[in-house]
Amino acid sequence: MKICGDAKYEEMFRFVEQCLDGYAVISGKKDRIQYSRFDHTRRVYRWMKELYEANEHRDQIDLESLKIATIFHDCGYGKEQTGDHAGVGAKICQIYLRDRNYREEQISFICELISSHSDKRRMWEDIPLELILLMEADLLDDTGAHGVVMDVWMESKEEETSFESMRDHIARFSLKQIDNNPMRTPAAREIWEKKSALVRAFYESYCRDLAWE
């Protein structure tokens, strides 16, 4: 399945898929649900492209470096043993790009994007726009409807699960997550607000269905 239609990036996606081969956070009773880091990567890539197209400063963005960093941003999960998947992923990407004769200056920039993308506390600091878009795309993937489904999934692995416990889990995680809009660019903030409205509407409707307020 083609993801971006460009042979160079398709090759990178295939490489990252191999890096992540066999990796999955398996949860749920009887291991019936799997979270694919590669599927997450593909979704983040799509969010990144949407945010890039909507950005009024896109002529100032190093799109090639942003695309590569997005493709490789979580590849370290397949090999890391230290808890630093971003740092491991940056090293994997560095080797990949050096083998293909990329400029050292560009390699350094791309690897900095990868190694820094997990520290979302830096979102409003003086950081490159490329890093902002990568962070925003990464955050957007697991919010909204997808976030609610993940909440239900995580709660379902508990021994004692009920409709009420799922309601409470959603309140503790998805509902709490949307309290403050962390996004920096206008397009990302708008998308976040739409996702937040969906989560609130779902939660309120679910509480009414359970006859609880």
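Helices H1 and H3 are roughly parallel to each other (a label for angles under 35 degrees, with over 145 counting as roughly antiparallel, 65 to 115 as roughly perpendicular and the rest as oblique). The axes of H1 (residues 7-19) and H3 come within 9 Å and cross at roughly 20°; axes here are lines fitted to C-alpha atoms, for helices over the stretch in contact, and angles run from 0 to 180 degrees between N-to-C directions. Helices are DSSP runs of H or I with at least four residues, numbered from the N terminus. The model is a predicted one, in which local features need pLDDT of at least 70 and side-chain atom pairs count only at pLDDT 80 or more, while totals for chains, interfaces and linings use all residues. Residues are numbered from 1 along each chain as its sequence is written, and side-chain values use heavy atoms, with hydrogens and water left out.

H1 passes H3 in a right-handed crossing (the near helix is turned clockwise from the far one by less than a right angle). On the H1 side, the contact (heavy atoms within 4.5 Å) is made by Lys8, Tyr9, Met12, Phe13, Phe15 and Val16, and on the H3 side by Glu64, Lys67, Ile68, Ile71 and Phe72. These residues divide into 8 nonpolar, no polar and 3 charged, where Ala, Val, Leu, Ile, Met, Phe, Trp, Tyr, Cys and Pro count as nonpolar, Asp, Glu, Lys and Arg as charged, and the others, Gly among them, as polar.

H1 also packs with helix H4 (residues 85-99), at an angle of about 140° and with the axes 12 Å apart. That angle makes H1 oblique to H4, and H1 passes H4 in a right-handed crossing. Here Glu11, Met12, Phe15 and Cys19 of H1 meet Ile92, Tyr96 and Leu97 of H4. By class, this contact has 6 nonpolar, no polar and 1 charged residues.

Turning to single residues, Asp141 lies in helix H6 (residues 129-141). With a relative accessibility of 2%, Asp141 is buried (under 20% relative accessible area, against over 50% for exposed and partly exposed in between, with a 1.4 Å probe and protein chains only). The Asp141 side chain makes a polar contact with the side chain of Arg43, at 2.6 Å; such a contact is a pair of N or O atoms within 3.5 Å, and within protein one must be able to donate a hydrogen and the other to accept it, while residues adjacent in sequence count only if both atoms are side-chain atoms. Leaving aside neighbours within four places in sequence, Asp141 is in contact with Tyr35, His40, Arg43, Val44, Trp47 and His146.

Gln60, in the loop between helix H2 (37-54) and helix H3 (63-72), is exposed, at 59% relative accessible area.

Key:
Helix = DSSP H or I, 4+ residues; strand = E, 2+ residues; numbered from the N terminus.
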